[in-house]
Each structure stands twice: as structure tokens, then as C-alpha cells.
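Trainee: I have a structure open and would like to talk through it. Could we begin with a pair of residues and work outwards?

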Amino acid sequence: MDFYDVLRGRNSTRDFSDKEVDEALLNEILEDALRAPSSSNTQGYRVAIATGALKDQIGKELTKKFDSAIKLQGLSTPRKLVQGVLSGAMPNGDFKPDINYPSEMKKRAIACGKGLYELIGIERSDRAGRDQWMRKNFDFFGAPVELFLFVHGDRGVYSALDGGLFLQNLMLAAKARGLGTCAQASVAMWGGTVRKHFNIDKDYKLICGLCIGYPTDAVINTYQPDKRSVEELCFQPKRN
């Protein structure tokens, strides 16, 4: 594919076919992703990859966590804390979940969610429908491969930055080979559940997941949220 077709055509895939991804192809994509720059070439990130029965087991455990969390909705804070601990629904990730976006970012997040749900016919008032759609995150939207991205905790934002560059390379390399991807902050909420299935160095923290596979022709896979203009992107110089 032409580079600009890859760049402009990449979007989040949220419905995957059951076609397996060849291991050699996946390794090619990872090798391309490793061409990403990093601070002093420190490459402060690692990945864990789940396929087959392991992926299904992790997905089953994460879905159970999500289902337990949904049952806490509407409870008072004290009851929510007690039931959350008893049910195992409380987050056990390496980073605190945070969706308290600043106002300018919140507007874009709301617009993105609104456009997505309108496309698939879920009304704003349909809380159950939105919960069921969110639930799909935890079986990885049916993708045959789930990659978990870990960053070195001692490097803080710098490892996160380097990990983001790696992740972007990976998504573009996958797109160039006809694959789809979807980055998932949601799976990191229960990072402890993921961690127990791999030999993870204690210094590495789970920051997000990534679904990888072949997209279906489902309408959800056509969704492209609006991007701000270059003028909106750029700060302007001060005028004397």
C-alpha cells in the first residue's frame, strides 16, 4: 500500500474475522514496529502476546471483571467499595484509570462516542446497549491476537512516549499488510489479571492492549472520528 493510504486509512477495528494471523507475519510487523525512535534508543517497552486458548482465557477473566463492575452501578460509594472488593471488580492495574478529561478534550471524547454509537444504532439513553458494546473490549472484539504493551515504570512519561511511537509504528505496519488494530486502554484497568499469565518483569507496567487481526466488513469498521484542523493544532506566536 502507498504510505499515505496507510496513514489516512488506518482506523480502529472493532469487529474481526476468525482468520488467524500467521506467526511469521506478526513477527514482521513487530520488527517494523521496532524501527520506532526512542529516548537514547532505550526502548523502554516490552510486549506480551496472547493467541488461542491463552487469549480466550484472559478475555474470559477480563469479561468477568467487567460484568462484576457493571453490577456496582447505582450503589452508594461505601457499598460500591465493599461489593467491588468482594466481587473482584476493583481495578488492579498498574495505572489509575482516568477519564476526567480537561474540557477541550472532553468535547472531542463525547463527540467520538456519540458518532460511534449513532453509527451502530445505540441511543444515548440505552445504557444497557452501551454497556454491552463496551463489554466487547474484553473479548478483544473477536480478534485472534491481543498484544499487551508494557512500559518501564522508572522512566515515567518518557517510556510512555517511546511506547506510543512503537505502537503507532505497529498499527501502521499492520495496516500496510491488510490487518486491522484497535488500541485499548480499557484492558489495562485490570492489569493484574493479565500479568498473572506472563512472566513480566516487575519494573514494567501495563499501559494498554492492542487487538490485531483481519477486519470484517461490519459498518463499525468504517468509523473515522473527526480530526481537528492544523490551525487548531498549532499554538500561535505571541504578538508584541
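Mentor: Certainly. Let us begin with Trp133 and Phe141, which are both buried. Please keep in mind that this is a predicted model.

Trainee: How are the rings of Trp133 and Phe141 placed, in terms of centres and planes?

Mentor: In general, a pair of aromatic rings is described by the distance of the centres and the angle of the planes. The centres of the Trp133 and Phe141 rings are 6.1 Å apart, and their planes meet at 40°, so the pair counts as tilted. An angle between 30 and 60 degrees is what earns that name.

Trainee: How many aromatic pairs are there in the whole structure?

Mentor: The search finds 7 aromatic pairs. One of them joins Phe3 and Tyr4, with 5.4 Å from centre to centre and 75° between the planes, which makes the pair edge-to-face.

Trainee: Are Phe3 and Tyr4 buried or exposed?

Mentor: Phe3 is partly exposed, at 49% relative accessibility. Tyr4 has a relative accessible area of 53% and counts as exposed. The cut-off for exposed is over 50%, so Phe3 falls under a different heading from Tyr4.

Trainee: Which residues form an aromatic cluster?

Mentor: Phe66, Phe138 and Trp190 form one aromatic cluster. Phe66 also appears among the contacts of Asp131, which touches Phe66, Ile70 and Gln73 when residues up to four places away in sequence are not counted.

Trainee: Where is Asp131, and is it buried or exposed?

Mentor: Asp131 belongs to helix H6, which covers residues 127-135. Its relative accessibility is 14%, and because buried means under 20%, Asp131 counts as buried.

Trainee: Let us step back. How many helices and strands does the protein have?

Mentor: There are 9 helices and 4 strands. Along the sequence they follow the pattern α-α-β-α-α-α-α-β-α-β-α-β-α. The radius of gyration is 19 Å, close to the 18 Å that the globule rule gives for 240 residues, so the protein is as compact as a globular protein of that length.

Trainee: What box do the C-alpha atoms fill?

Mentor: Taken along the principal axes, the box is roughly 50 × 50 × 40 Å. Of the 240 residues, 36% are buried. The protein exposes about 14,900 Å², and carbon and sulfur atoms supply 52% of that area.

Trainee: What about the charges? How many are positive and how many negative?

Mentor: The protein has 34 positive and 30 negative charges, and the mean positions of the two sets are 8 Å apart.

Trainee: What share of the contacts comes from residues 24 or more positions apart?

Mentor: Among contacts with a separation of 6 or more, such residues account for 83%. Val145 in strand E2 (residues 145-152) can serve as an example to look at. With residues up to four places away left out, Val145 touches Val21, Leu26, Ile49, Ala50, Thr51, Lys55, Leu210, Cys211 and Ile212.

Trainee: Is Val145 buried or exposed?

Mentor: Val145 is buried, at 2% relative accessibility. For a separation in space, take Val145 and Ala111: they are 34 residues apart in sequence and 29 Å apart, C-alpha to C-alpha. Leu7 and Met171, by contrast, are 164 residues apart in sequence and 9.6 Å apart in space on that basis.

Trainee: Where is Leu7?

Mentor: Leu7 sits in helix H1, residues 3-9. It is partly exposed, with a relative accessible area of 38%.

Trainee: Changing topic, what is special about phi of Ser40?

Mentor: Phi of Ser40 is near 50°, a positive value in a residue other than glycine. Asn41 is not a glycine either, and its phi is about 60°. Ser40 lies in the loop between helix H2 (23-33) and strand E1 (45-51), and Asn41 is found in the loop between H2 and E1 as well. Both are exposed: the relative accessible area is 72% for Ser40 and 53% for Asn41.

Trainee: Which residues is Pro37 in contact with?

Mentor: Pro37 is also placed in the loop between H2 and E1. Beyond its neighbours within four places in sequence, Pro37 is in contact with Asp162 and Leu165. Pro37 is exposed, with a relative accessible area of 51%. Pro37 and Leu161 are 124 residues apart in sequence, yet 10.0 Å apart in space, C-alpha to C-alpha.

Conventions
Residues are numbered from 1 along each chain as its sequence is written. This is a predicted model: local features need pLDDT of at least 70, side-chain atom pairs count only at pLDDT 80 or more; totals for chains, interfaces and linings use all residues. Side-chain values use heavy atoms; hydrogens and water are left out. Helices (H or I, at least four residues) and strands (E, at least two) are DSSP runs, numbered from the N terminus. The radius of gyration is taken over C-alpha atoms; the globule rule is 2.2 Å times the number of residues to the power 0.38. Buried means under 20% relative accessible area, exposed over 50%, partly exposed in between (1.4 Å probe, protein chains only). Contact means heavy atoms within 4.5 Å. Accessible areas come from the Shrake-Rupley method with a 1.4 Å probe; for residues, only the protein chains shown count as cover. Lys and Arg count as positive and Asp and Glu as negative; His and the chain ends are not counted. The place of a charge is taken as NZ of Lys, CZ of Arg, CG of Asp or CD of Glu. Rings of Phe, Tyr and Trp (its six-membered ring) pair if their centres lie within 6.5 Å; planes under 30 degrees apart count as stacked, over 60 as edge-to-face and the rest as tilted.
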